[in-house]
Amino acid sequence: MLRGKTALITGSTSGIGQGIAEAFAAEGCNVVLNGFGDPAEIELLRSRLAADHGVTVRYDNADMSKGDSITAMMDKAVAEFGAVDILVNNAGIQHVAPIDDFPIEKWEAVVAIDLMSSFYTIRRALQAMKARKWGRIINVASAHALVASPYKSAYVAAKHGVAGLTKTVALEVAEQGITVNAVCPGYVLTPLVEKQIPDTAKARGITEEQVVKDVLLAAQPTKQFVTVEQVASLCLFLASDDAASITGAIMPIEGGWTAH
Ligand code: NAD
C-alpha cells in the first residue's frame, strides 16, 4: 500500500524518471520531482501530477553533481514530509568517447551524477526510514551495470559502482524494513539515448541508422526497446510490500541482453 507515502525521484523531469514519478503519483504517493529543464514545462508537470492524482508534488532543482545541493534537497524533503519513504536514484548522464580521448571533466561528471549522487541521497534518507522501520531505495542502474560496451568507460564504471553500492547498503539495512535494489534497463528511447546516437556513430565509424539497428536493438535479443512504463512498473513492484523479501537485487529489464 503506497498511498500517502513520499517518493523522491532524482532526474524526474524527463524520460524514465518522469515515468516513475507519474507511476508513484498515480498510486497516491506524494512526489518530489528533481532535474533540469524548462521551468514552465516542469511546473506544468508538477501541477498536472498533483491535480490528476490529488497528491502533493514538489519540485527541487538540486544539482546531482553537487553534494551540498543534494543534501539540502534531502533535508528539505524529510522536513516537509517526515521522511522520504521511497527514494529512486535515477538522475544520470552519458558520454561516449574512446578512453584515450575521453575528456576528464566529462568522466568526472558522469561518475558524480550517475554514482556519487546516490551516496549523498541514501545517507540522508536512511535516518527517517530507520525510524519508520520501512523504506525503499531503488537505484536506476543499467544493463551496463552488468556488461560493458566500448566507448562508455565512465558510464559502465559508474553503473557497476551503483550495483556494488546497492548490494552493500542492502546488507547494512536488511533488518530494518528497508530494501535496496537496482533496476537495470536495456535501451529506452529517451533524450539520453537519442543524444548518444551521433557520438556512437562517430566513435564506431558507422551511420546513425546502423547504431539503432546494429548497436542498440542488436544488444537486446527481443530486438525491442524497453519502455519507460515497463521500468516504472518494476519500480512500483519493488516499492510494494509484496517485494519486502527482494533486497540487494541487481534486476535486469533489458530484453535478455545480459542472459548470455
Ligand atoms: P534523460 O536524459 O531523459 O533524463 C535524465 C534526467 O536526469 C533528467 O531529468 C535530467 O534533468 C536529470 N539530470 C541530469 N543531470 C542532472 C543533474 N546534474 N542534476 C539533476 N538532475 C540531472 O535520461 P533517461 O534515459 O531517462 O535516464 C534516466 C536514468 O536511466 C539514468 O540513470 C540512465 O543512466 C538510466 N538508464 C537509461 C537507459 C536508456 O536507455 N535510456 C538505459 C539504462 C539506464
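1. I86 of strand β4 stands opposite R136 in β5. Strands here are DSSP runs of E, at least two residues long, and helices are runs of H or I with at least four residues, both numbered from the N terminus. Four bridges join β4 to β5, and the two run parallel; strands count as a pair if DSSP finds at least two bridges between them. N89 stands opposite N139 in β5. To get from β4 to β5 the chain passes through α4, and this β-α-β crossover is right-handed. Right-handed has a precise sense: with the strands pointing away from the viewer, the path from the first strand over the helix to the second runs clockwise.

2. A quick word on what you're looking at. This is a predicted model, in which local features need pLDDT of at least 70 and side-chain atom pairs count only at pLDDT 80 or more, while totals for chains, interfaces and linings use all residues. Residues are numbered from 1 along each chain as its sequence is written.

3. Stay with β4 (residues 86–89) and look at its two faces. I86 and V88 sit on one side, L87 and N89 on the other, and all of them are buried. Buried means that 20 or more other C-beta atoms lie within 10 Å of the residue's own; exposed means 12 or fewer, partly exposed is in between, and the C-beta atoms are placed from the backbone. β4 also pairs in the parallel sense with strand β1 (residues 6–9), over three bridges. There, A7 stands opposite I86.

4. Now for β5. Six of its six residues are buried, so β5 is largely enclosed by the rest of the structure. G135, I137 and N139 point one way, while R136, I138 and V140 point the other way. β5 pairs with strand β6 (residues 178–185) in the parallel sense over six bridges, and the bridge partner of R136 in β6 is T179. With α5 in the middle, β5 and β6 make a right-handed β-α-β unit.

5. You can find a right-handed β-α-β unit elsewhere too, made by β2, helix α2 (residues 39–53) and β3. Strand β2 (residues 30–34) and strand β3 (residues 57–60) pair in the parallel sense over four bridges. N34 has D60 in β3 as its bridge partner.

6. On to the inside. The largest nonpolar core has 74 residues, and V31 and C235 touch the most other members. Helix α4 (residues 104–132) gives this core its largest share, nine residues. A nonpolar core, by the way, is a set of buried Ala, Val, Leu, Ile, Met, Phe, Trp, Tyr and Cys residues joined through C-beta atoms within 7 Å. Leaving out residues up to four places away in sequence, C235 touches I20, A23, V88, I138 and V183; contact means C-beta atoms, placed from the backbone, within 7 Å.

7. What surrounds the ligand? There are 29 residues around it, and the closest are G11, G15, G35, G92 and L192. To be near the ligand, a residue needs its C-beta atom, placed from the backbone, within 6 Å of it. α1 (15–26), α4 and α6 (191–204) each supply at least two residues of this shell. The shell divides into 13 nonpolar, 14 polar and two charged residues. In that count, Ala, Val, Leu, Ile, Met, Phe, Trp, Tyr, Cys and Pro are nonpolar, Asp, Glu, Lys and Arg are charged, and the others, Gly among them, are polar.

8. Two backbone angles deserve a look. K133, in the loop between α4 and β5, has a phi near 55 degrees, a positive value in a residue other than glycine. K133 counts as exposed because it has 10 C-beta neighbours inside 10 Å. Y151 is not a glycine either, yet its phi is positive, about 75 degrees. Y151 lies in the loop between β5 and α5 (153–173) and counts as partly exposed because it has 19 C-beta neighbours inside 10 Å.

9. Last stop, G255, in the segment after β7 (250–253). Is G255 buried or exposed? It counts as buried, because it has 21 C-beta neighbours inside 10 Å. Not counting residues up to four places away in sequence, G255 touches G186, Q220, P221, T222, Q224 and V226. V32 is another story: the C-alpha atoms of G255 and V32 are separated by 30 Å, with their positions 223 residues apart along the chain.

Key:
Contact = placed C-beta atoms within 7 Å.
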